[in-house]
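Grab your viewer and a coffee: here are a few short exercises, each with a worked solution. Try each task before you read on.

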Amino acid sequence: MNSLSCPRMQKISVLLFLAWVCFLFYAGIALFTSGFLLTRLELTNHSSCQEPPGPGFLPWGNQGKPGACWMASRFSRVVLVLIDALRFDFAQPQYSKVPGEPPVSLPFLGKLRSLQRILEIQPHHARLYRSQVDPPTTTMQRLKALTTGSLPTFIDAGNNFASHAILEDNLIKQLTNAGRRVVFMGDDTWKDLFPGAFSKAFFFSSFNVRDLHTVDNGILEHLYPTMDSGEWDVLIAHFLGVDHCGHKHGPHHPEMAKKLSQMDQVIQGLVDRLENDTLLVVAGDHGMTMNGDHGGDSELEVSAALFLYSPTALFPSTPPEEPEVIPQVSLVPTLALLLGLPIPFGNIGEVIAELFSAGKDSQPHLSALAQASALHLNAQQVSRFLHTYSAATQDLQVKELHQLQNLFSKASADYQWLLQNSQGAEAALQTVIAELQQFLRGARAICIESWARFSLVRMAGGAALLAAACFLCLLASQWATSPSFHFRPLLLIPGAWGLGGAILYAGLLATTGLKLDPVVLGTMAATSSLLPFLWKAWAGWGSKRPIATLLPIPGPVLLLLLIRLAAFFSDSFVVAEARATPFLLGSLILLLVAQLHWEGQLLPPKLLTIPRLGSSSPTGPPRHSGAYALKLGVGLLLCTRLAGLFHRCPEETPACHSSPWLSPLASMVGGRAKNLWYGACVGALVTLLVAVRLWLGRYGNLKSPEPPVLFVRWGLPVMALGTAAYWALASGADEAPPRLRALVAGASVVLPRAVVALAASGLMLLLWRPVTVLVKAGASAPRTRIVLTPFSGPPTSQADLDYVVPQIYRHMQEEFRGRLERTKSQGPLTVAAYQLGSIYSAAMVTALTFLAFPLLLLHAERISLVFLLLFLQSFLLLHLLAAGIPITTPGPFTVPWQAVSAWALMATQTFYSTGHQPVFPAIHWHAAFVGFPEGHGSSTWLPALLVGANTFASHLLFSVGCPLLLLWPFLCESQGPRKRRQPPGSEAEARVRPEEEVEEPLMEMRLRDAPHHFNAALLQLGLKYLFVLGVQILACTLAASILRRHLMVWKVFAPKFIFEAIGFIVSSVGLLLGIALVMRVDGAVSSWFRKLVLAHQR
Amino acid sequence: MKDTDIKRLLYTYLLCIFSIILSIFIPSVFLENFSILETHLMWWCIYSVFVTAVNVVLYLVVKPNVFLKEIHYHLSNILKCCLYFLMSCFSFHVIFVLYEAPLIEFVLETFLFAVLLSTFTIIPCLCLLGSNLKAWLRVFRRNGVTFIWENSLQMTTISSFVGAWLRAFPIPLDWERPWQVWPISCTLGETLGYVAGLIISPLWICWNRKQLTYNNN
C-alpha cells in the first residue's frame, strides 16, 4: 500500500510546502510591520479639576480663586498662532558673524524680524525655543501631539478609523469643559480632530498643496475682527502658507521670503493688539527638509520654532545666546497649568519650568518653589498615566518603568518634606527640581522608545525576507516542472532548519534572559529555513544556469509586471490605481489576443495564405476561429469597463465623482427608480444562478443524485431567494407598516444568517462528497465486465490502477454515447457530456458560487451586478487563456505567467470595482451590521471578520478560484474540435463524425492520469500566484521604506501597505484552500475509481 | 532584395519625418497664437491632413507595391479604403473608451486622437496593402511579411501603438503639466513612436539584410 499512498504524500507535501512559503511571507510582513507601523494604545481616561493627579496638597490650593484648578491660572487668554512647517531657523534671529557685514542671505532666514525685535527690546517678556518634534512629522499627528501632549503614532490602537476625531484627553476638551470659548480659524484638519468643540470656527480646505494663499487670507480676514470683538478666551489660528510654499517651491525660493514676511506682519499685528492677561504662542508644528517635504525624522524636519510672548514680564532672566531645546509636547502641560486647567491625562510632556517662576522680581526661593510645584504636579500626572498605561498593555519595558517609579517616589518624598519644612534651602529645591525633571525625561524616553521610532533594521530585514521568499517562489516554480523533481526533500530540509533556528534563538534568549519576541522568533525560523535553499541557489549559480532561466517570465508580461510594481512608488499612481489596473488588464488582454494572432493561432491557415505564398503556413493548427478569441477579448474589455462604473473616488482627487450606485438601495428616494434597481439586482442574482447551473448542466454535472448536486439544484435557488428577500427588507424597511416592524426586524436578522448557513452547509456537502458522477446501472454492466476481463487480479499496485482508469473512462464514454443514441437525443452531440471530464472544475465553480453568495450579501445591493460581471469576466478570461495554452500530454503541465498575472490583476480590479479603496475611511463599515442590526456588543472579532470579508471579497474569490487556471485548458479541450468540425450547413457530416472519432478528449482525466505532474502543476501554480502577489507586497514595503519621508506616507503609502498585506494574507489562505479543494476532489475520485474496480471484480 | 530598395525606403521615410516636422512649424507661420499644446485640436486636424497627404503622395510616387497586383486604383477600391479609414477611426474611439477614456467628457479630443492614430497606422497600411484585409492580417504575423516595405510597415505601426500606449502612463501623475492631459500625452507619444519607427525600421533592415529572407518565391 506504500505505493498507493504516494500521491497522497505528494499532495500533503505540496500543501505544506506552500504553507511554508506563505509563512516566509508572513514572517517578512510581520517583521517589516513591527519596524514601520508604530502602535500605541489610546486611553480614554480624562483628567479633571476635582481629582488631583496624586496625593499631597496643592501649594496654591484652589481655595478662593474662581476657575482655578490644579493650579491658579496665570493667563486668562491665549492666542495660539500655528504656522505650519515653521522650522526653527526660519524664526532664528540673524546676527552678522563679522561686524559690519550683512548676515547670510537666504530666502527663509531672518524674515521674522518682529520676533528678533521683541527678543531684543523686551527680554523678560519673550522667549524663543527650538522645539524638538517627534516623528511622524505630519500635520495631523503633530496636532494630536500639540493638544494631547502625547506621541501619536500612525495606528493609535482603539482609534476610530471612520473619523479622525481625537478620543484622548486633550487641551481643547479641557478648555471646553472649563467653559472657555475657543475660536479657531485655518486648516480644516482641526474640524475632523475636534468636531463641534469650537465656539466659533472658520475652516479652510487644506487640500490643495499648491494653493499658498487661500487659507492664510481667509484667516487674516477674520483674525483681527475676532480679536477686537473680545468674544474668545483661546484663539487658534493655523496658517498653512509656509508649508504649502515649501511643498510647491521649497524653502529656497523668493516666495518663501514673501510668505514669511507676511507671517511677520501677522505676528506684529497680534503683538500690538495683545492685552496684559494674554499669552501669545507662535509655534511651528514641524520643520521641512531642504526640498520642503516633511513626514520623517531628519534633523530639519524635527526642529520647529516655538515663541512665547506676554505683555507682562514672564521670565526672571534674559534669554540665552543659543535658544534652549525643548520637546514640542512641553507646550501642552505648560499651557494647561498657565491657563489653570488640568493637564490632559495622556500627556508626557514636561512643563517649561522657567515660566512658573513668578516674574522677575520675586525671591529666588519662592520662584524655585513655584517651579518645583509645577513640575511635581506634572510628574504626578505622568506617573499616573504610566501606571494606567502599563496596566493596560505590555508595550513599555518593565525594568525601566520600575526604575522610573523609584525615582518618582524619591523625588516626591523630597518635595513633600521640603514643603512641610518650608524653610528648606534653595539648593535642596534645585535638587528636587532636577530629580523631577530627570523623571519626566526618563518617562518620555521610554515612551519614545516604544512608540516613535522607525526601526530601520527591522524594515530592511522584513523587505529582505520578502525578497528572498519571492526569489524562492520564482526558482521553485521552475524546479517543480523539471522531470527530476522530488517532493519529499522539499519539505524536510527547510522544516528541520527552521526548527533548528527557532530553538537556537529561544535558547539564546533563555540564557540571556531577554523577553521573547514572537516576531523575531518567526523571523529566525523563516530565515534559517531559507538558508539551505539559498545555499542551493548559490551553489547552482553561474555554473550551468543561464540568466534566461532565472527570468522565465516572458518579456511583455515582465514589462507589465514591472510597470505595475513601479506604480507602487508613486503616490499619484497608488491613488489612481483604480483606473490604472483596468488599463493594465486591458493591455494584457489585448496582448494575449495579439500574441495569438502573431503566432498564427487566431485564424485558420487557409484564410491567411495567399495562393502565391503557399510556404508561409502557421506552425500549429489554430484551436479556435479568429472571431472567437477576438470576441472574448472585446467582451472582457467591455466587462472591465462596465465594472469600472462602480468606482469609489479616493479623497485625494476632489474633481472625481464616486459612483452613485455604491450606496445601498435604502438610501434612494425615488420609489420607481428604487424598484427598477431592485429588479436589476435580483435579475443579476438570477442570471448568476442560471449561468452557473447552465454551465454545470452543459458538462453534465447536474445529473447525479449525489447530495452536493441536489444542493446546487435546490439549495442555490433558496439562497438566491433569501438574498432577494433580505434586499427587499433592507431597502424598504422604513416603509413597512408598523404592525410588521417586528417581523421585518426579525427577518432581517434571520435571512442573512440563513443564507450563510446554507452556503456553509453546501460547502460542507461538497467537501464530504465531491464526486458528482452519475453511475449508470443496468445494460451497461455486462459490457463493462467484458472490457475489464484482462485484469483478473485485484488492483494491488498503482500501476494497475493507472492503467485501468482511462479504460474505464473511455468505456463509460462509449456507454454514454450509446445511451444517448438509444434515447435519440437531438441537437449537437457534445463529446464532453460526461461528468468525469469536468469533475475538478465543477467542484471549484460550485464552491465559488457558494462562497460568492455570503460575500454578496455583505455588499450593497447594486454590487451584485459587479459580482455577475466578475463571474463573466473570469469565465471569458479563462477561455481566452485556454485558447493560448497548449495541452501537453502526458505532462508536465504548466500555467503560463500571463495567466497568473492576469488573474492577479483582475483580483485587484475587482477590489476597486466593488467600491473599495485602500484607505481606512473608505472601508464599508455597514457590512458589520448585516445579520446583526443591533450591533455586536463587546465582541470585536465577528464584526472585524464581516468587514474583512467585505473588503477582501475579491481577493478571496480569485485566490480560491486560482486552480481553475490549470483546469480550464483541459475543459476547453472538448470545445476546440467540436467547433471546428461543425461548419454551418453540413448537418449530416456532423452527425456522422463522432462515430468515426477514435480518440475522445480525456479532458481533466488527463490530469488524473499523471498524478505526479498534476501535483507538480498545482505546486507551480501556487508558487507563481504567490510570487505575483509577493512582489506586490515587496514593492509596497520598499515604497513605504524608501518614501518614509514623503508627504503622503501616512496618507497613501502606509494604508496601501496595510491593505496589500492583509490582502496577501487573505489571498494566500484562499489559495491554499482552493488547492486543498482540488486535492480533496482528486482523492475522492481515486477512491471512487478503486471502489468501481472492486465492484466490477466481484 | 537590393540595396537600392533600402535606400529608397530610407529616403521616403526621411521625407515623412521631415513632413511631420514641417507640420509643426508651418502652421505657426500662417496662424496667430498657434501652439501644439494650447490649440491642439487645430494642430491635430492640420497634422492629420498633412501626414495623410504626404503618405499618399509618397506611396504613389515611390510605388513600392509594384510587385503585387492586388491593388487596383479603382474608384470602388478607393471608396472602400475611405470606408475602412472611417471605420478604424470609430473603432479606435470605442477601444479608447474601453480603455478608461472618459465617455462624454473630451469626446471631440478622443475622436480626433482616434483619427490621428488611424492616420499613422491605417493610412500607410491602406496605401501599401490596399483594401485587402487578408494581406493586413498576414503582415502582422510572425513570418508574415514578404518584402521590406511590409517589414517596415509592421515596425512603424507597432511602434506608433506602443508609443501611444506608453504615453498614457504620465496622465495620472500630479505634475500639472499641459502635455499630461488625456489625449495630448498620447498623441505626442504616438508621434514619437511613429518617428522612432520611421528611423529605426530602415536601419534595422539595413543591419539585418543578410539574415532577412522573405518567402516570396
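**Exercise 1.** Keeping in mind that this is a predicted model, work out why Cys186(B) makes no disulfide.

*Solution.* Start with the closest cysteine sulfur to that of Cys186(B): it belongs to Cys89(B), 16 Å away. Next, bring in the cut-off: a disulfide needs two cysteine sulfur atoms within 2.5 Å. So the pair is too far apart for a bond. As for its surroundings, Cys186(B) has 3% relative accessibility, so it counts as buried.

**Exercise 2.** Do the same for Cys45(B), and decide whether it is buried, partly exposed or exposed.

*Solution.* First the distance: the closest cysteine sulfur is again in Cys89(B), this time 12 Å from the sulfur of Cys45(B), which is too far for a bond. Then the accessibility: the relative accessible area is 39%. Partly exposed runs between 20% and 50%, so Cys45(B) is partly exposed. To finish, the tally of disulfides over all chains is zero.

**Exercise 3.** Hop over to chain A and find which helices give two or more residues to the nonpolar surface patch.

*Solution.* List the members: Leu492(A), Ile493(A), Trp497(A), Leu531(A) and Leu534(A), which together have about 470 Å² of accessible area. Now map them onto the elements: helix H16 (488-512) and helix H17 (518-540) of chain A each supply two or more. H16(A) gives the most, with three residues.

**Exercise 4.** Pick out Trp497(A) and say how exposed it is.

*Solution.* Locate it first: Trp497(A) sits in helix H16 of chain A. Its relative accessibility is 45%, so Trp497(A) counts as partly exposed.

Key: Residues numbered from 1 in each chain as written. Chains lettered and ligands numbered in written order. Predicted model: local features only at pLDDT ≥ 70, side-chain atom pairs only at ≥ 80, totals over all residues. Heavy atoms only, no water. Patch = residues over 30% accessible without salt bridge, like charges linked within 9 Å, V, L, I, M, F, W, Y side chains within 5 Å. Areas by Shrake-Rupley, 256 points an atom, 1.4 Å probe, with all protein chains shown as cover. Salt bridge = Lys/Arg side-chain N within 4 Å of Asp/Glu carboxyl O. Helix = DSSP H or I, 4+ residues; strand = E, 2+ residues; numbered from the N terminus. Buried < 20%, exposed > 50% of the residue type's maximum accessible area, 1.4 Å probe, protein only.
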